[in-house]
Amino acid sequence: ILESNVTAFRKLIVREKKQILTDGLAANSLDWQSAGRELNAPEWHEALQDMDGALLLDCRNGYESDVGTFSVDGREAEPLGTDVFSESWQVLRQKLE
């Protein structure tokens, strides 16, 4: 914790939300049962080594991607270039065409 004499917020209000990200999807519209298995970090890294032609996408917004991107063995993730998360689905569809 960094202590300061400067107030970060004039007024801070914290509210509970049903959904953190506005993704534009209807509730339960994704079938996670058919998503494949979850990989831990070493498994993910190993899987990427075996996929030379894989397209690695950075699904964060433009601000976050500008701060830094992901790379694996010199291959950088391609940022989607979106401003908000709900724009991701349209851009992902276009990239898959």
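# Exercises on a predicted chain

The count of aromatic pairs comes to one, where rings of Phe, Tyr and Trp (its six-membered ring) pair if their centres lie within 6.5 Å. This is a predicted model, in which local features need pLDDT of at least 70 and side-chain atom pairs count only at pLDDT 80 or more, while totals for chains, interfaces and linings use all residues. Residues are numbered from 1 along each chain as its sequence is written, and side-chain values use heavy atoms, with hydrogens and water left out.

## Exercise 1: the aromatic pair

Task: Classify the pair formed by the rings of Phe85 and Trp89.

Solution. Step one is the rule for the planes: under 30 degrees apart they count as stacked, over 60 as edge-to-face, and the rest as tilted. Step two is the geometry: the ring centres of Phe85 and Trp89 are 6.2 Å apart and the planes stand at 75 degrees, so the pair is edge-to-face. Step three is the cover. Buried means under 20% relative accessible area, exposed over 50%, and partly exposed in between (1.4 Å probe, protein chains only). Phe85 is partly exposed at 29%, and Trp89 is partly exposed at 24%.

## Exercise 2: the outline of the chain

Task: State how many helices and strands the chain has, and in what order the elements run.

Solution. Helices (H or I, at least four residues) and strands (E, at least two) are DSSP runs, numbered from the N terminus. The chain has three helices and four strands. Read from the N terminus, the order is α-β-α-β-β-β-α.

Task: Set the radius of gyration of the chain against that of a compact globule of 97 residues.

Solution. The radius is taken over C-alpha atoms, and the globule rule is 2.2 Å times the number of residues to the power 0.38. The rule gives a value near 13 Å, but the chain has 18 Å. The C-alpha atoms fill a box of roughly 50 × 35 × 25 Å along the principal axes. Of the 97 residues, 12% count as buried. Contact means heavy atoms within 4.5 Å; among contacts with a separation of 6 or more, 31% join residues 24 or more positions apart.

## Exercise 3: the salt bridges

Task: Find how many salt bridges the structure holds, and describe each one.

Solution. Side chains of opposite charge can pair when their charged atoms come close. A salt bridge is a side-chain nitrogen of Lys or Arg within 4 Å of a carboxyl oxygen of Asp or Glu. The structure holds three.

- Glu43 and Arg37 have their closest N and O atoms 3.6 Å apart. Glu43 is partly exposed at 29%, whereas Arg37 is exposed at 60%.
- Arg60 and Asp58 meet at 2.8 Å, N to O. Arg60 is partly exposed at 26%, whereas Asp58 is buried at 1%.
- Lys95 and Glu78 have their closest N and O atoms 2.4 Å apart. Lys95 lies in helix α3 and Glu78 in strand β4, so this pair ties together parts that are 17 residues apart in sequence. Lys95 is partly exposed at 29%, and Glu78 is partly exposed at 32%.

## Exercise 4: Thr82 and Leu12

Task: Decide whether Thr82 is buried or exposed, and list the residues that Thr82 touches.

Solution. Thr82 lies in the loop between β4 (78-79) and α3 (88-96). The relative accessible area of Thr82 is 2%, so Thr82 is buried. Leaving out residues up to four places away in sequence, Thr82 touches Arg60, Asn61, Gly62, Glu87, Ser88 and Val91.

Task: Place Leu12 in the chain and name the patch that holds Leu12.

Solution. Leu12 is found in the segment before α1 (41-49). Its relative accessible area is 60%, so Leu12 is exposed. Patches are made of residues with over 30% relative accessible area and no salt bridge: like charges are joined within 9 Å, nonpolar side chains (Val, Leu, Ile, Met, Phe, Trp, Tyr) within 5 Å. Phe9, Leu12 and Val14 form a nonpolar patch on the surface, with about 380 Å² of accessible area together. Accessible areas come from the Shrake-Rupley method with a 1.4 Å probe; for residues, only the protein chains shown count as cover.

## Exercise 5: distances in sequence and in space

Task: Give the separation of Glu64 and Asp83 in sequence and in space.

Solution. Glu64 is in helix α2 (residues 62-67) and is partly exposed at 34%. Glu64 and Asp83 are 19 residues apart in sequence and 9.6 Å apart in space, C-alpha to C-alpha.
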